[in-house]
Amino acid sequence: MGVVSLIGCGFVADLYMRSLQAMDGITVAGVYDQNSTRLVQFCAHWNVPLVGSLEQLLDQHPRDGVLLNLTNPSSHFEVNSACLAAGCHTYSEKPLAMNMDEAKALYAQANAAGLMLASAPCSVLGEAAQTLGHALRAGIAGAPRVIYAELDDGFVPQAAYKKWISESGAPWPFGDEFRVGCTLEHAGYYLGWLISWFGSVRTVVAASAETIPDKEGTGPYAPDVSVATLFFDNGPMTRLTCSIVAPHDHQIRVVGDNGVLACKAAWDNSAKVTFAKRMTLRRRLMESPFPKTLKLSQPTHPKVKRWGAAAMNFMLGPAEMLDAIRTGRPSRLSNDFALHMTEVTLAIQNAGETSGAQAMTTRCTPMEPMPWAM
Ligand SMILES: NC(=O)c1ccc[n+]([C@@H]2O[C@H](COP(=O)([O-])OP(=O)(O)OC[C@H]3O[C@@H](n4cnc5c(N)ncnc54)[C@H](O)[C@@H]3O)[C@@H](O)[C@H]2O)c1
C-alpha cells in the first residue's frame with residue numbers, strides 16, 4: 001500500500017512496528033534516531049534499514065510515502081518542520097508542537113507546500129470510535145445532550161514504571177511523560193473522536209493543576225490533572241478529564257434523549273460500544289442494566305493484540321494518509337483536524353487556575369466516517 005520512514009525509535013516505535021505487521025503492503029524505507037545505541041537495537045530487533053542521519057533519511061524517503069515523527073514532544077516542531085521542508089507528507093506523534101505559534105507555523109508550512117500534516121492519535125479511525133460515531137449518526141440514543149469522557153490513568157507516579165520496557169528494549173520515558181503531562185499526551189484520544197463527530201470546539205472552559213509536584217525525575221512538570229468543558233459549534237456540551245492521579249477510568253458516555261451510548265476503553269480498538277435504553281420501572285427512572293452491544297455490519301480493520309496499556313493499531317493513521325495519497329483524495333486526518341486538536345489540547349493543558357473561558361481561533365469540519373462505518 002505504501003512506504004513509511006521512521007524518525008525516533010523509542011518506546012512507542014515498537015507499537016508502530018507491531019501494528020505495521022498487521023497491515024498489508026506497508027514497508028519501512030528507513031529508520032533514524034539521534035541515539036545510535038537505541039537505533040542499532042531497534043533496527044536489529046525488527047530487521048529494518050538503519051539510516052545514519054536525518055538528512056540521509058529525508059533524502060531517500062519516497063515523496064509518495066509518509067514520514068512518521070516518533071520523537072519526544074520537545075523535538076516535534078523541529079523534526080516536523082524539517083520533514084515538511086524536505087517535501088514529505090508527515091504524520092507526527094502528539095502533540096504537533098508544544099505551543100500554538102509553532103503549530104500554526106507548521107500548518108502554514110504544510111499548506112504552502114501542498115503536504116499532509118497529521119497528528120496522532122489515530123484511534124479515531126478505529127472500530128470503537130467509528131461504531132460510536134455510527135450510533136450517533138443513526139440517532140440510536142436520540143439527540144445527544146451531554147458527554148462525559150474520562151482519561152484518568154490511575155496514580156501513575158506510584159506505578160512500577162521502571163519495569164515498563166518496550167518489546168525491543170526501550171524504557172518508558174517517565175521523566176519526559178511527566179514534563180509533557182498527561183493532557184498533552186492523552187487528551188487527543190477522546191478529542192479526536194469528539195471533533196471527528198461534531199467538528200470544531202468553539203470554547204474551552206478548563207482548569208489544570210500539578211497535584212503531585214514531588215514526582216521522580218527532573219522537572220519542571222506539566223499539570224497532572226485537567227478538567228475541561230467543551231462547547232462545540234454543533235455538538236453537546238462535553239466534560240473531558242485527564243489525569244495520572246485519579247483511579248483508572250477511560251470511559252466515554254454520550255447521554256441522549258433515549259438513553260446512554262458508552263465505551264469503556266479509549267485505548268482498545270475492539271472495545272465494546274453499548275447502548276443502555278432509558279426506562280421507567282415502576283416509579284424509578286433508570287438506564288437499562290442490560291445494555292445492548294452495538295456492532296457494525298461490515299468487517300472493519302486489522303486488529304493488534306494488547307501490548308501494555310494499549311490494544312490499538314497505531315498504523316491506521318499512516319495507512320489513511322497513504323491511501324489518500326494513492327487515490328488522490330483528501331485524508332480524514334486533515335491538516336485542519338491536526339491544528340484544531342492541538343489548539344484545544346493546549347488550551348486545556350495551559351488553563352491553570354484562572355484562565356477562564358478560551359475562545360478557539362481554529363476551525364475544523366466533522367470527519368467523513370470510514371467506508372465500513374457508513
Ligand atoms: N510511550 C507511550 O506509550 C506512547 C504511546 C503513544 C504515543 N506516544 C508518543 O510517542 C512519542 C515518543 O514517545 P516515546 O515513549 O517513544 O519516547 P522515547 O523517549 O522512548 O523515544 C523517543 C525517541 O526519539 C528520539 N529522538 C528525540 N529527538 C530526536 C531528534 N531530534 N531526532 C532523532 N531522534 C530523536 C530519542 O532518541 C528517542 O529514542 C511522544 O510524542 C509520545 O507522546 C508514546
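Q: In β11, which residue is the bridge partner of valine 255?
A: In this predicted model, strand β10 covers residues 252-256 and runs antiparallel to β11, with 4 bridges between them. Valine 255 therefore falls within β10, and its bridge partner in β11 is valine 260.

Q: Through how many residues does a hairpin join β10 to β11?
A: The two strands are antiparallel. The hairpin that joins β10 to β11 does so through 2 residues.

Q: Which residue in β12 stands opposite glycine 259?
A: Strand β11 spans residues 259-263. Its pairing with β12 (residues 273-281) is antiparallel and holds 5 bridges. Opposite glycine 259, in β12, stands lysine 277.

Q: Is strand β11 largely enclosed by the rest of the structure or left open, and how many of its residues are buried?
A: A residue counts as buried under 20% relative accessible area. Strand β11 is largely enclosed by the rest of the structure, because the buried residues number 5 of the 5.

Q: Is glycine 235 buried, partly exposed or exposed?
A: Glycine 235 is found in the loop between β8 (225-232) and β9 (237-243). Its relative accessible area is 30%. Buried means under 20% and exposed means over 50%, with partly exposed in between. Because 30% lies in that middle range, glycine 235 is partly exposed.

Q: How far apart in space are glycine 235 and leucine 194?
A: In sequence, glycine 235 and leucine 194 are 41 residues apart. In space, C-alpha to C-alpha, the distance between glycine 235 and leucine 194 is 8.7 Å.

Q: What is the order of the strands in the open sheet of 5 strands?
A: The pairing in this sheet is parallel. The order of its strands is β2-β1-β3-β4-β5.

Q: Why is one side of β2 and of β5 left without a neighbour in the sheet?
A: Strands β2 (26-32) and β5 (117-119) stand at the edges. One side of each is left without a neighbour because each has a single partner strand.

Q: What is the average twist from one strand to the next in the open sheet?
A: The sheet in question is the open one of 5 strands with parallel pairing. From one strand to the next, its twist averages 25°.

Q: In β2, which residue is the bridge partner of leucine 6?
A: Strand β1 covers residues 2-7 and is joined to β2 by 6 bridges, the two running parallel. Leucine 6 therefore lies in β1, and its bridge partner in β2 is valine 31.

Q: What angle does the direction of helix α1 make with that of β2?
A: Helix α1 (residues 11-20) packs on the sheet. The helix touches β1, β2, β3 (66-69) and β4 (89-92). Its direction makes with that of β2 an angle of about 160°.

Q: How many residues does the contact take from domain 1 and from domain 2?
A: The chain is divided into domain 1 (2-119) and domain 2 (127-300 + 336-373). Over C-alpha atoms, their centres are separated by 26 Å. The contact takes 24 residues from domain 1, and from domain 2 it takes 24 residues.

Q: Why is the chain as compact as a globular protein of that length?
A: The chain has 11 helices and 15 strands. For 374 residues the globule rule gives 21 Å. The chain is as compact as a globular protein of that length because its radius of gyration, close to that value, is 20 Å.

Q: What share of the residues of the chain count as buried?
A: The cut-off for buried is under 20% relative accessible area. Of the 374 residues, the share that count as buried is 57%.

Technical notes. Residues are numbered from 1 along each chain as its sequence is written. This is a predicted model: local features need pLDDT of at least 70, side-chain atom pairs count only at pLDDT 80 or more; totals for chains, interfaces and linings use all residues. Side-chain values use heavy atoms; hydrogens and water are left out. Two strands pair if DSSP finds at least two bridges between them. Axes are lines fitted to C-alpha atoms, for helices over the stretch in contact, and angles run from 0 to 180 degrees between N-to-C directions. Contact means heavy atoms within 4.5 Å. The radius of gyration is taken over C-alpha atoms; the globule rule is 2.2 Å times the number of residues to the power 0.38. Buried means under 20% relative accessible area, exposed over 50%, partly exposed in between (1.4 Å probe, protein chains only). Domain bounds come from an automatic or database domain assignment.
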